[in-house]
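Me: I would like to go through this structure with you, one topic at a time. Could we begin with the overall picture and then turn to individual residues?

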Amino acid sequence: MRRFASLLVIAALGGCSFPHTIQRISVDYNSAVSGMANELTLLNIVRAKEGMPLHYTSISQLSGSLSVKASGSLNGQFRGSGVTDTNKTTTATATTTEVTKQVAEGVDFFSPTVGGEVSSGPTFQVGIFDTQKFYQGVLSAVPASTVENYLDQGFDSQLVMRLLIERVEFVLKETKTGVPFKVGDVVGTIRNRPWGADAAGFAGNIACYSLDGATTKPDGKRVMALSRLTLGADGKAIPVAPATLALLDGQKFDVSAPVGSDSHGDDQLFIVRPASEKSAVRLVPKAKCDTVEPIKAKPPAPSVMSPKPGALPDGPPPSPIYKPGELAIPGRLPGKNYDQEIWVNVDAQVYFRSPESVIRFLGQYLEGSEKYPTDTYKLGTHPLFAVTQGRSFKSVVSTKLLGKHYYIADDDDRADYMRIIAIAQQLINLQKESSDKPFTTPVQVIQ
């Protein structure tokens with residue numbers, strides 16, 4: 001019975017180690033993949049900083065084999081129950097023989113040994129993203145639905161705007177006397193650049209706004225007049241219930257106005273296929289904005305503002321002064337021989353970056369932080385993104401390029417910088433493949 005119990009203990013020891021080993025290896029694989037993804041993202045950002053080509057790879061498959069072997073032995077000595085005869089012959093006389101009987105008595109003695117062996121052999125495949133479909137995806141603009149999703153997740157609106165918006169264009173909504181533009185013309189643009197005058201203009205204006213998601217439902221498509229469906233065999237009007245319109249092609253339909261019992265006027269009622277909802281974004285002005293003063297237009301030449309003969313300056317108009325729905329642009333009122341600012345009604349259109357453009361923007365931001373530290377805008381009190389050159393044990397992710405080491409320090413700003421790393425990774429993964437050519441879609445800003 002004791003021997004059987006000992007064997008059960010040996011088997012239990014081998015079985016208990018198996019689940020724990022699987023758990024430990026699975027967690028280690030996950031940590032290895034996350035570390036690799038973080039470093040590759042940081043590496044491409046540093047490549048963009050140095051003006052080098054970007055390259056994308058990822059582990060497409062990771063599998064592992066695990067074998068656990070347990071061995072044991074049980075050696076023992078057992079107590080005897082018989083008498084052992086030991087004959088001793090004395091040499092004093094040849095005729096006398098002394099026979100001594102001895103009894104071997106004792107206790108059972110066991111010496112168990114337990115051994116184990118755990119072996120794992122991971123196999124993995126590294127995917128190289130260099131196909132046409134991949135680049136068509138990562139070079140296409142981030143859709144509004146993705147931006148809205150980041151806002152719903154609780155990402156800071158200013159962070160999303162600084163990172164994802166490439167530019168904001170203001171399109172003339174209606175003509176106005178003295179304005180040398182027609183409806184539909186772009187009368188002002190704010191570009192998001194990491195440093196310089198464009199950076200100041202974008203950061204100054206956008207600091208007084210927040211980006212909010214919105215859902216729009218465009219007007220449905222008219223299919224046909226209701227009068228074409230309300231004539232019976234006798235030519236009389238037969239009102240059709242909207243619920244039965246789904247029989248046409250299995251989709252739900254609506255009508256442009258309520259249907260009454262009187263068929264008079266049915267030719268003015270139309271069957272409408274409802275349009276699907278679309279994601280949009282909305283620039284919402286802040287109630288109070290005293291942290292950053294909005295950018296103002298560059299002071300024009302004295303001949304422009306003074307009541308003296310003058311003309312519109314060559315080149316693009318000065319930096320726009322924007323408020324929701326309106327823009328101040330230079331123009332000349334009738335009877336005046338000088339130019340002045342005229343407020344016009346405009347529609348604002350937001351253009352988002354592509355995933356690769358986000359990485360290049362971050363690289364340019366790092367470059368500007370080194371070359372033009374005073375001309376690079378910040379997000380609040382700290383840089384939008386920063387890395388440290390060198391090595392450190394207190395780093396959350398590090399990489400090496402051209403013999404130099406770079407890392408993101410584990411400090412108070414670490415969470416903000418790692419959120420940016422996470423967004424860049426997700427955008428690449430979301431748009432890994434596309435059959436369409438790269439495109440940039442303007443997003444109407446809902447006022």
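Reply: The exchange below covers the overall make-up of the chain, a pocket, the salt bridges and several individual residues.

Me: What kind of model is this, before we start?

Reply: This is a predicted model.

Me: How many helices and strands are there in the chain?

Reply: The chain contains eight helices and 20 strands. It has 447 residues, and buried residues account for 31% of them.

Me: And what share of the contacts join residues at least 24 apart?

Reply: Taking contacts between residues at least 6 apart in sequence, 71% join residues at least 24 apart.

Me: Let us turn to the second largest pocket. How much space lies in it?

Reply: The second largest pocket holds about 300 Å³ of space. Its lining is made up of 18 residues, and those nearest its centre are Ala37, Thr41, Thr57, Ser58 and Asn429.

Me: Which elements give two or more residues to that lining?

Reply: Helix 1 (2–49), strand 1 (56–77) and helix 8 (414–430) do so. Helix 1 gives the most, with six residues.

Me: Staying with helix 1, is Asn44 buried or exposed?

Reply: Asn44, which is in helix 1, counts as buried because its relative accessibility is 3%, and buried means under 20%.

Me: What does Asn44 touch?

Reply: Leaving aside residues up to four places away in sequence, Asn44 touches Leu54, His55, Tyr56 and Ile359. As for Leu54, its C-alpha atom is 5.6 Å from that of Asn44, and the two residues are 10 apart in sequence.

Me: Now the charged residues. How many salt bridges does the structure hold?

Reply: There are 13 salt bridges in the structure. One of them pairs Lys49 with Glu370, with 3.4 Å between the closest N and O atoms. This pair links distant parts of the chain, since Lys49 is in helix 1 and Glu370 is in helix 7 (residues 355–371), 321 residues apart.

Me: Is Lys49 buried or exposed?

Reply: Lys49 is buried, at a relative accessible area of 10%.

Me: And what is the salt bridge partner of Asp410?

Reply: Asp410 pairs with Arg414, and their closest N and O atoms are 3.1 Å apart. Asp410 is partly exposed, with a relative accessible area of 43%, and Arg414 is also partly exposed, at 34%.

Me: Which residues are joined into one network by salt bridges that share partners?

Reply: The network consists of Glu166, Arg167, Glu169, Arg191 and Arg193. Within it, Arg167 forms a salt bridge with Glu169, the closest N and O atoms being 2.9 Å apart. Arg167 counts as buried at 17% relative accessibility, and Glu169 is buried as well, with a relative accessible area of 12%.

Me: What about Arg162, then: which side chain of opposite charge is nearest?

Reply: That is Asp156, at 7.7 Å. Arg162 is buried yet has no salt bridge, because a salt bridge requires the nitrogen and the carboxyl oxygen to be within 4 Å.

Me: Where is Arg162, and which backbone oxygen lies 3.1 Å from a polar atom of its side chain?

Reply: Arg162 is in helix 4 (residues 157–164). The oxygen in question belongs to the backbone of Lys378. Beyond residues up to four places away in sequence, Arg162 touches ten residues in the list Asn192, Phe202, Ala203, Ile206, Ala207, Phe361, Tyr377, Lys378, Leu379 and Leu384.

Me: Some of those are in helix 5. How many residues of helix 5 are buried?

Reply: Helix 5 (residues 197–206) is mostly covered, with seven of its 10 residues buried. The buried residues are Ala199, Gly201, Phe202, Ala203, Gly204, Asn205 and Ile206.

Me: On to the loops. Where does Gly184 lie?

Reply: Gly184 is in the loop between strand 5 (165–172) and strand 6 (186–191). It is partly exposed, with a relative accessible area of 45%. Apart from residues up to four places away in sequence, Gly184 touches Val171 and Leu172. The C-alpha atoms of Gly184 and Phe170 are 9.3 Å apart, with their positions 14 residues apart along the chain.

Me: Last one: what is the phi of Leu402?

Reply: Leu402 has a positive phi of about 55°, although it is not a glycine. Leu402 sits in the loop between strand 18 (395–401) and strand 19 (404–409), and it is exposed, with a relative accessible area of 58%.

Conventions:
Residues numbered from 1 in each chain as written. Predicted model: local features only at pLDDT ≥ 70, side-chain atom pairs only at ≥ 80, totals over all residues. Heavy atoms only, no water. Helix = DSSP H or I, 4+ residues; strand = E, 2+ residues; numbered from the N terminus. Buried < 20%, exposed > 50% of the residue type's maximum accessible area, 1.4 Å probe, protein only. Lys, Arg positive; Asp, Glu negative; His and termini not counted. Polar contact = N/O pair within 3.5 Å; in protein donor to acceptor, adjacent residues only side chain to side chain. Contact = heavy atoms within 4.5 Å. 1 Å grid on protein atoms, 1.4 Å probe; cavity = no way out; pocket = protein on both sides within 12 Å on 5 of 7 lines; lining within 4 Å. Points joined across faces, edges and corners; volume = space filled by probe spheres on them.
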